[in-house]
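User: Please take a close look at one loop of this structure and then describe the parts of the chain that help a newcomer to find the way around. A connected account would be welcome.

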Amino acid sequence: MIISTTYFASALFIASFFAASCDAQVPVVRKDRAASQSGSINAISNMTVRRSVHTATLLRDGKVLVAGGYIGGEGNISSAELFDPATNEFVAVGSMRLARSSHSATLLADGKVLVAGGFNGEYLDTTEIYDPSTKQFVPGPRMTSARSGHIATAFNDGTILIAGGVGTGWTFLKSAEIYDPLAKQFSAVDDMSLARESHTATLLKDGRILIVGGHNGRRSQVVIYSGSEIYDPRTRRFTEAGDLSTKRHKHEAIRLTDGRVLILGGSDERDGDGAYNNAEVYDPANGKFTAVKNKMNATRYKLQGTAVVLPSGKVLVAGGSNRAEVFDPATNSFVFAEGDMGTIRLFATATLLGNGTVLITGGYRDGRNISDGAWIYRT
């Protein structure tokens, strides 16, 4: 971790961002509800190092690039590794030029991966590009703003929206920018209506992006949002959209096969003690959010990036608990998958593989117990 005059503020950021802390209750599986099984989770060989708040990106050759992350008191790491589904094993590749966590990693149209921003004792405006042909990272262009905990969402034309997060001086950001892979540069677009961290972004079928929830502020000053907004690439502007049925941050959002968006879990101001087991659905046809009548079997938060639409159209919800569950849009119900990952999986990743299975990696239990574990979900 870089030592600087910002170190103290950075340490505070780590302490709060990873606040499933010793005095915060982690989400627990409900014991009072029987649930049928749907698919199974099994442990495989561990990653080469332990990681949380890392990224996992499916490459064109079917392998998965796992990069960076937070490893507890020792800070952040620059290492990267490849998962090969043919062998179910991880192999180290060239490290990033900088250690970083809370960064983004987005597959580009040419098969390379853009790694952007993050935190390593200071907030980063740097990017790196991973080339699968060399298995190395090279410097990319700088973003218009240093940011960590932002969202990065690719449009169908290959450009990428990066929005929100936290920047230099522990400042919550409402700024947004676009990466153009042809010009190889970032350009600012109009701000979001609110500064947001721990929000989600989902590409809709019509090419717009839905931004949901999140928060501004820390601890006693935290403000959690129920509002949403939509970015339109034609106007390069955000417009306010409907309100959630429940305010939430540290949640997950994923587009269903019918074009609606499923919003999962998150928490209120109590963080882990206020983790949710509820869900709701956004319908682009009417711009409204509707609560899902049936609740999840486990409370879940800090699960962004761990919900996957399966080939069947069902949704695997892998993060935020020691057990995964599956949502069936036809019945609006959740059922547990078989298997147990041992401890709560906070800030883990879940990646749909080409064979229809799902790779789950890393995460932590309480901000200190970082895992190098990996699991495969099979139907």
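Analyst: Helices (H or I, at least four residues) and strands (E, at least two) are DSSP runs, numbered from the N terminus. The model is predicted, so local features need pLDDT of at least 70 and side-chain atom pairs pLDDT 80 or more, whereas totals for chains, interfaces and linings use all residues. Residues are numbered from 1 along each chain as its sequence is written, and side-chain values use heavy atoms, without hydrogens or water.

The loop chosen for the close look runs between strand 29 (333–338) and strand 30 (349–352), and F347 lies in it. The backbone of F347 has a positive phi, near 55°, although this residue is not a glycine. F347 counts as buried because its relative accessible area is 16% (buried means under 20%, exposed over 50% and partly exposed in between, with a 1.4 Å probe and protein chains only). A positive phi is also found at R219, another residue that is not a glycine, where the value is about 50°. R219 belongs to the loop between strand 18 (215–216) and strand 19 (223–224).

These loops belong to a protein chain whose secondary structure amounts to one helix and 32 strands. The protein chain has 379 residues, and 59% of them count as buried. Among its contacts with a separation of 6 or more, 53% join residues 24 or more positions apart (heavy atoms within 4.5 Å).

One hairpin shows how two of the strands are arranged. Strand 16 (residues 200–203) is covered on both faces: T200 and T202 are buried on one side, and A201 and L203 are buried on the other. Strand 16 pairs with strand 17 (residues 209–212) in the antiparallel sense over four bridges (two strands pair if DSSP finds at least two bridges). A201 has I211 of strand 17 as its bridge partner. Five residues separate the two strands of this hairpin, and G207 in the turn has a positive phi of about 95°.

Further along the chain, strands 22, 23, 24 and 25 form an open sheet of four strands in the order 22-23-24-25, with antiparallel pairing. Strand 22 (252–255) and strand 25 (288–291) stand at the edges; each has a single partner strand, so one side of each lacks a neighbour in the sheet. The pairing of strand 25 with strand 24 (residues 279–283) is antiparallel and runs over four bridges. Y282 stands opposite F289, which is in strand 25.

Aromatic side chains complete the picture. The whole structure holds nine aromatic pairs (rings of Phe, Tyr and Trp, the last by its six-membered ring, with centres within 6.5 Å; planes under 30 degrees apart are stacked, over 60 edge-to-face and the rest tilted). One of these joins F83 and F90 in a tilted arrangement, 5.0 Å from centre to centre and with 50° between the planes. F83 counts as buried because its relative accessibility is 0%, and F90 counts as buried at 10%. F119 and Y123 also form a tilted pair, with centres 5.0 Å apart and 55° between the planes. F119 is buried, since its relative accessibility is 0%, and Y123 is buried with a relative accessible area of 10%. Elsewhere, F155, Y231 and F238 make up one aromatic cluster.
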